[in-house]
Amino acid sequence: METTGYFDRFGGRYVAEVLRRPLEELGIAFAEATGDRAFMELLEGLRRDFIGRPTPLLFAENASRELGGARIYVKMEGLAHTGAHKINNAIGQALLAKRMGKTRIIAETGAGQHGLATASACARLGLECTVYMGEVDVRRQQPNVAAMELYGAKVVPVTSGSRTLKDAINEAMRDWAASFADTHYLIGSALGPAPFPDMVREFQSVIGSETREQIAERGLSVEALVACVGGGSNAIGFFSPFIDAASPRLIGAEAGGIGPGPGENAARMTGTAASDGIIHGYKSRFLTDEDGQVAETRSISAGLDYPGIGPQLAALGESGRIEFTAVRDREALEALRFFARTEGVIFALESAHAGAAAMALAPTLPKDRAIVVNMSGRGDKDIFITSPVFRPADWTGFLRAELARLESGEEIHVFGGRE
Ligand SMILES: Cc1ncc(COP(=O)(O)O)c(C=O)c1O
């Protein structure tokens, strides 16, 4: 099933000579594994027992009533193990790496969700794991760093460039060029050089296949599927089984940040600042500055705060099959609050962008139509970002008290710690 690696003019394999061979081998191994019943059965078992699949499709009854229009359904990916869709891809690639005889996994992470999923998958499958993470992200995502270490992963802070996700990807690529004999680079989104965009889409397409079955079981008349788009893995996996059909509408919500100006958002498909470029081994739409350099981006959600977009999504956006919309930070926060209040479900900040797009669409449609929103992750991880916004005084007080307690040297009782 090796493809050309191109989606119209996007995609490809723009890498140093040394990485061409490992990428070719990976493409072949992936095609063989997905054609092998034993591999697929192993994967199926892990999806069921480790990830907790299938994830439910929840009818957001109260939210739909309050908005007054189409019925909103929520695909509950946030209930997957480690809290987001990232685990679907992590476990698939880790299992493939093991089949290829690799003993070590490296990964990049921004907010830490992909790092967390990879660290957990490696612990489960007995693989050594190193996660590259920009120094800035290490500092602001400490809870995820702690969890990755608990899973036995080594987290390496990256100090080059802007010390964020794109620098972590560079560092992971550098490691892989020297270590591919025993190491697999487990990319976390539907981007990078071929075969990664195809491979990540396939491992994430379980979201779309389950949704298609759940829609059919309930006889829903679906107008649109809505997903948030960072690099694009949850969106392309969710949309995948529907792409070749004329309907439903497929809607991607990207980060509108704080406004339309340069450096204020991560709007690659709806803004005016993106142009074609080749970065991180693939050709796509990238946000660039006046000098043609990769631009700084901004979003309240770390997972959407990336200057590029997966090549297949870029192509489907240009062809018109996927419609893109930009959702601002404050609209995402409003959506997060709305679904928490009406449905008792806290969306991840990334997913709340999709929630906001569905909230805008629902009232324009009749009641017998349905919209399915992919809640790519749950919001527990965002408590350090949402609490200072929703209840600033209480949160500051809590942090001060915690710090004072730690600095006072107050003993933390460890059960069983004293014999
Ligand atoms: C919950 C959640 N949703 C979405 C994303 C965006 O990634 P992608 O566009 O690859 O789905 C992330 C990335 O960290 C995430 O953690």
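## The hairpin of E11 and E12

Ile279 has Tyr282 of strand E12 as its bridge partner. This pair belongs to a predicted model, in which strand E11 (residues 274-279) and strand E12 (residues 282-287) run antiparallel and are joined by six bridges. Two residues separate E11 from E12 in the resulting hairpin. His280, located in the turn, has a positive phi of about 55°.

## Domain organisation

The domain assignment divides the chain into domain 1 (7-50 + 85-197) and domain 2 (54-82 + 205-383). Their C-alpha centres are 23 Å apart. Contact between them involves 33 residues of domain 1 and 36 residues of domain 2.

On the side of domain 1 that touches domain 2, two or more residues come from each of strand E2 (10-11), helix H2 (37-51), helix H4 (86-99), H5 and helix H8 (165-179). The composition of this side of domain 1 is 15 nonpolar, twelve polar and six charged residues.

## The ligand shell

The ligand is surrounded by 20 residues, of which Gly230, Ser233, Gly303, Glu350 and Gly377 are the closest. By class, the shell holds seven nonpolar residues, twelve polar residues and one charged residue. Because domain 1 (7-50 + 85-197) and domain 2 (54-82 + 205-383) both contribute residues to this shell, the ligand lies between them.

Three helices each provide at least two residues of the shell: helix H5 (113-125), helix H10 (233-239) and helix H13 (349-361). Of the contributing elements, H10 gives the most, with three residues.

## The six-stranded sheet

An open sheet of mixed pairing is built from six strands in the order E3-E4-E14-E9-E10-E13. Strand E3 (57-59) and strand E13 (322-328) are at the edges; each has a single partner strand, so one side of each has no neighbour in the sheet. From one strand to the next, the twist averages 25°.

Within this sheet, strand E9 (residues 222-228) pairs with strand E10 (residues 249-257) in the parallel sense, over five bridges. Cys228 has Ala253 in E10 as its bridge partner. Helix H12 (residues 329-343) packs on the sheet, where it touches E10 and E13. The direction of H12 makes about 90° with that of E13.

## Helix packing

H12 also packs against H13, at an angle of about 85° and with the two axes 7 Å apart. H12 is therefore roughly perpendicular to H13. From H12, the contact is made by Glu331, Ala332, Glu334, Ala335, Leu336, Phe338 and Phe339, and from H13 by Leu349, Ala352, His353, Gly355, Ala356 and Met359. The residues of this contact between H12 and H13 comprise nine nonpolar, two polar and two charged. H13 is also one of the helices that supply at least two residues of the ligand shell.

A second helix pair is formed by H5 and helix H7 (residues 142-150), whose axes come within 9 Å and cross at roughly 10°. H5 is therefore roughly parallel to H7. In this contact, Gly115, Leu116 and Ala119 of H5 meet Asn144, Ala147 and Met148 of H7. The residues involved divide into four nonpolar and two polar, with no charged residue. H5 supplies at least two residues of the ligand shell and also gives two or more residues to the side of domain 1 that touches domain 2.

## Backbone features in loops

Cis peptide bonds are found at two prolines. One joins Arg53 and Pro54, with omega about 0°; Pro54 is placed in the loop between H2 and E3. Another joins Ser247 and Pro248, again with omega about 0°, and Pro248 lies in the loop between H10 and E10. The loop of Pro54 thus leads to an element listed at an edge of the sheet, E3.

Asp8 has a positive phi of about 55° although this residue is not a glycine. The position of Asp8 is in the loop between strand E1 (6-7) and E2. E2 is among the elements that give two or more residues to the side of domain 1 touching domain 2.

Technical notes. Residues numbered from 1 in each chain as written. Predicted model: local features only at pLDDT ≥ 70, side-chain atom pairs only at ≥ 80, totals over all residues. Near = placed C-beta within 6 Å. Helix = DSSP H or I, 4+ residues; strand = E, 2+ residues; numbered from the N terminus. Nonpolar A, V, L, I, M, F, W, Y, C, P; charged D, E, K, R; others polar. Domains from an automatic or database assignment. Pairing = 2+ DSSP bridges. Axes fitted to C-alpha atoms, helices over the stretch in contact; angles between N-to-C directions. Contact = placed C-beta atoms within 7 Å. Parallel < 35°, antiparallel > 145°, perpendicular 65-115°, else oblique.
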